[in-house]
Each structure stands twice: as C-alpha cells, then as structure tokens.
Amino acid sequence: MQLVRTLISQNSEKYAHFSYYEIIIDKIEENVQSQPDICIESCKSLIEGISKSILKALDAASTNESLNAKDVKELFREALNALGRFNPTMEVEFVRRSVGVIQLLADIRNRRGDISHGKLAPKELSSYAQFSKLVMHMTEGIAFYMLQQFFEIDLSFTKEIAYRENPAFNEWLDTSNPIDGISFSRALFDQDNV
C-alpha cells in the first residue's frame with residue numbers, strides 16, 4: 001500500500017487529517033497473510049473512510065450523521081460522483097464499474113469479517129491469503145485514484161470568508177447603502193446562510 005502512503009505523505013501539509021488512514025493501512029498490511037478476513041475488513045473500512053472524508057470536503061450538506069447512515073456502496077458512488085463534478089480528469093466510466101467491486105468487497109466482509117459482526121466459532125467461511133492480497137492491491141489502486149483525484153481539486157471555494165477580510169468591499173457597500181446606525185455590509189454578511 002506504499003502508493004497510498006506516499007500520496008498521503010506528499011499531501012500532508014494541506015491534508016494532515018488523511019494521515020489517520022495510515023492506521024488502517026497498517027492493519028491491512030499486517031493481516032494480509034495471517035488474518036485475511038481482517039485484511040479484507042480493513043480494506044472495506046479504508047474505502048468507506050476515504051469516501052466519507054471526500055464527501056465531507058466537497059459537499060457542505062454532508063454531516064457526520066448523514067454519512068454514517070449510508071452503506072459503503074452508496075458512499076463510494078457519491079464520493080466518485082462528487083470527484084467527477086469537481087475534477088474534469090475523473091473517469092466517469094470508472095464510477096459506474098467500480099461500485100460493483102466495492103459492493104462485492106462489502107458483501108465478503110459481511111459474510112467473513114472477524115471484527116464488526118462477530119462470528120460463531122468455528123467460522124464457517126474464511127478467506128485465503130492470496131485472495132486478501134488481491135483485495136489489498138485492488139483497494140490500493142482504488143484508494144490511490146480517489147485520493148489523487150481529490151488532492152488535485154482546488155478547495156478554496158470551501159474556505160469560509162471572514163467579514164474583516166474585505167474592508168474595501170464592506171466600505172463600498174456601506175457607502176452605497178447608507179442606513180443610520182447600521183452597517184449595511186455587516187448586516188448583509190451576518191444574514192448570509194451560505
């Protein structure tokens with residue numbers, strides 16, 4: 001998963017919070033041979049988490065509650081669609097085809113995962129190391145592509161504007177719209193719901 005680690009590291013100055021995913025990457029790599037189902041479960045968690053983080057950054061209406069109410073397939077689809085809206089280099093066909101792979105990953109995790117759903121002992125189904133290695137490599141490719149597309153987006157549009165950052169504009173508004181005892185620019189700024 002070195003590709004994803006390197007990409008996160010290269011963008012750590014601007015997106016330091018993405019370093020959180022290195023913990024999950026560690027779990028994927030630690031368990032790929034010895035605990036294949038934990039590896040697969042961690043792969044699903046990585047894609048789910050990255051999808052949530054992308055949606056939270058690109059969609060102001062996304063809340064933790066709304067994101068947590070969605071399944072991984074829905075989160076992944078919405079994240080890729082959001083990436084497509086903000087990054088013209090995003091491959092739209094990739095969106096359509098990748099959702100099925102992520103749904104399959106979630107289904108395997110639900111049937112075989114050791115942690116989230118708890119299994120009776122002995123487990124009925126277990127994955128093999130070669131399969132978890134395949135899932136790990138697929139996850140790395142998908143996560144790398146998503147993050148690369150995301151990191152290329154100029155997110156300056158999401159920066160909140162402070163009233164004091166625009167003194168010349170505020171003065172012009174106040175001069176153009178004089179109201180005794182009231183700053184028109186401040187009243188307008190305070191009423192902005194966007």
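**Group meeting: a buried serine, a helix face and a cysteine pair**

Let me start with S51, which lies in helix α3, where helices (H or I, at least four residues) are DSSP runs numbered from the N terminus. Please keep in mind that this is a predicted model, in which local features need pLDDT of at least 70 and side-chain atom pairs count only at pLDDT 80 or more, while totals for chains, interfaces and linings use all residues. Residues are numbered from 1 along each chain as its sequence is written, and side-chain values use heavy atoms, with hydrogens and water left out.

Is S51 buried or exposed? S51 is buried, at a relative accessible area of 0%, where buried means under 20%, exposed over 50% and partly exposed in between, with a 1.4 Å probe and protein chains only. A polar atom of the S51 side chain lies 2.8 Å from the backbone oxygen of I47. Leaving aside neighbours within four places in sequence, S51 is in contact (heavy atoms within 4.5 Å) with L75, F76, A79 and M146.

Among those partners, L75, F76 and A79 bring us to helix α5, where they are buried together with V72, L80, A82 and L83. These buried residues cover an arc of only 160° around the axis, which puts them on the same side of α5; the arc is that of the directions from the helix axis to the C-beta atoms. As background, an α-helix has 3.6 residues a turn, so residues three or four places apart point the same way. What covers the buried residues of α5 includes α3 (36-58), α4 (64-68), α6 (92-112) and α7 (129-151).

M146, the remaining partner of S51, takes us to the largest nonpolar core, a set of buried Ala, Val, Leu, Ile, Met, Phe, Trp, Tyr and Cys residues joined through side-chain atoms within 4.5 Å. Of its 46 residues, L46, L83, M146 and F150 touch the most other members, and the elements giving two or more residues to this core are α1 (2-10), α2 (21-31), α3, α5, α6 and α7. F150, again leaving aside neighbours within four places in sequence, is in contact with Y15, F18, I54, A57, L58, L83 and L155.

Finally, the cysteines: how many disulfides does a search of the whole structure find? The search finds zero, a disulfide being a pair of cysteine sulfur atoms within 2.5 Å. The sulfur of C39 has its closest cysteine sulfur in C43, 4.3 Å away, which is too far for a bond. C39 is buried, with a relative accessible area of 0%, and C43 is buried, also at 0%.

Methods
Polar contact = N/O pair within 3.5 Å; in protein donor to acceptor, adjacent residues only side chain to side chain.
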